[in-house]
Amino acid sequence: YDVTGTTRGVPAKRLVHMAMVRASNVVKIYFDGVLFATSGTLAAPSAGGTPAQPLWMGRSGFAGSFFIGTVASLKIIASALSAAEVLAEYRRTIGV
């Protein structure tokens, strides 16, 4: 998911908790527990329940677009989290 087309800037030069939640073909991006962007542009899962496109971490599916930075940790959860669960995960991660 590309958040560079949004009108708000992505937090830079600091540690950021980022969550991407996908439910059907709707994707929500959260920074530090707060909703940042929503998109319904991803392909819906195929009939078998698997995504029609691969999940890329740190790059887009197109050539030349890569994440510039460091990923401190990565967690993949099998189900879509609610906004409250994303906030709780953020708070747990930072120790609040």
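Trainee: Is F36 buried or exposed?

Mentor: Good place to start, and keep in mind that this is a predicted model. To decide, compare the relative accessible area with the cut-off: buried means under 20%. F36 has 7% relative accessibility, so F36 counts as buried.

Trainee: And how does F31 come out, buried or exposed?

Mentor: The reasoning carries over. F31 sits at 12% relative accessibility and therefore counts as buried.

Trainee: How many aromatic pairs does the structure hold?

Mentor: Just one aromatic pair. F31 and F36 form it, with 4.8 Å centre to centre and 75° between the planes. Planes over 60 degrees apart count as edge-to-face, so this pair is edge-to-face.

Trainee: Let's turn to the sheet. What is the order of its strands?

Mentor: Read a sheet by asking who pairs with whom. Here an open sheet of three strands runs in the order β1-β2-β3, with antiparallel pairing. The edge strands are β1 (18–23) and β3, each of which pairs on one side only. On average, neighbouring strands are turned by 20° against each other, direction ignored.

Trainee: How many bridges join β1 to β2?

Mentor: Six, and these two strands run antiparallel. As an example to find on screen, A23 has V26 in β2 as its bridge partner.

Trainee: And how many join β2 to β3?

Mentor: Five bridges join β2 (residues 26–31) to β3, again antiparallel. Look for V27, whose bridge partner in β3 is S39.

Trainee: What do β2 and β3 form together, and how many residues lie between them?

Mentor: They form a hairpin with two residues between them. In the turn, check the backbone of D32: its phi is positive, about 50°.

Trainee: How far is L87 from D32 in space?

Mentor: It helps to set sequence separation beside spatial distance. L87 and D32 are 55 residues apart in sequence, yet 7.6 Å apart in space, C-alpha to C-alpha. L87 lies in helix α1. With a relative accessible area of 26%, L87 is partly exposed, because that class covers values between 20% and 50%.

Trainee: Which residues form the nonpolar patch on the surface?

Mentor: M57, F67, V71, L74 and I76 form it, with about 560 Å² of accessible area together. Take L74 as a worked case: you will find it in the loop between β3 (34–39) and α1 (83–94). Exposed means over 50%, and L74, with a relative accessible area of 54%, is therefore exposed.

Key. Residues numbered from 1 in each chain as written. Predicted model: local features only at pLDDT ≥ 70, side-chain atom pairs only at ≥ 80, totals over all residues. Heavy atoms only, no water. Phe/Tyr/Trp six-rings, centres within 6.5 Å; stacked < 30°, edge-to-face > 60°. Buried < 20%, exposed > 50% of the residue type's maximum accessible area, 1.4 Å probe, protein only. Patch = residues over 30% accessible without salt bridge, like charges linked within 9 Å, V, L, I, M, F, W, Y side chains within 5 Å. Areas by Shrake-Rupley, 256 points an atom, 1.4 Å probe, with all protein chains shown as cover. Salt bridge = Lys/Arg side-chain N within 4 Å of Asp/Glu carboxyl O. Helix = DSSP H or I, 4+ residues; strand = E, 2+ residues; numbered from the N terminus. Pairing = 2+ DSSP bridges. Axes fitted to C-alpha atoms, helices over the stretch in contact; angles between N-to-C directions.
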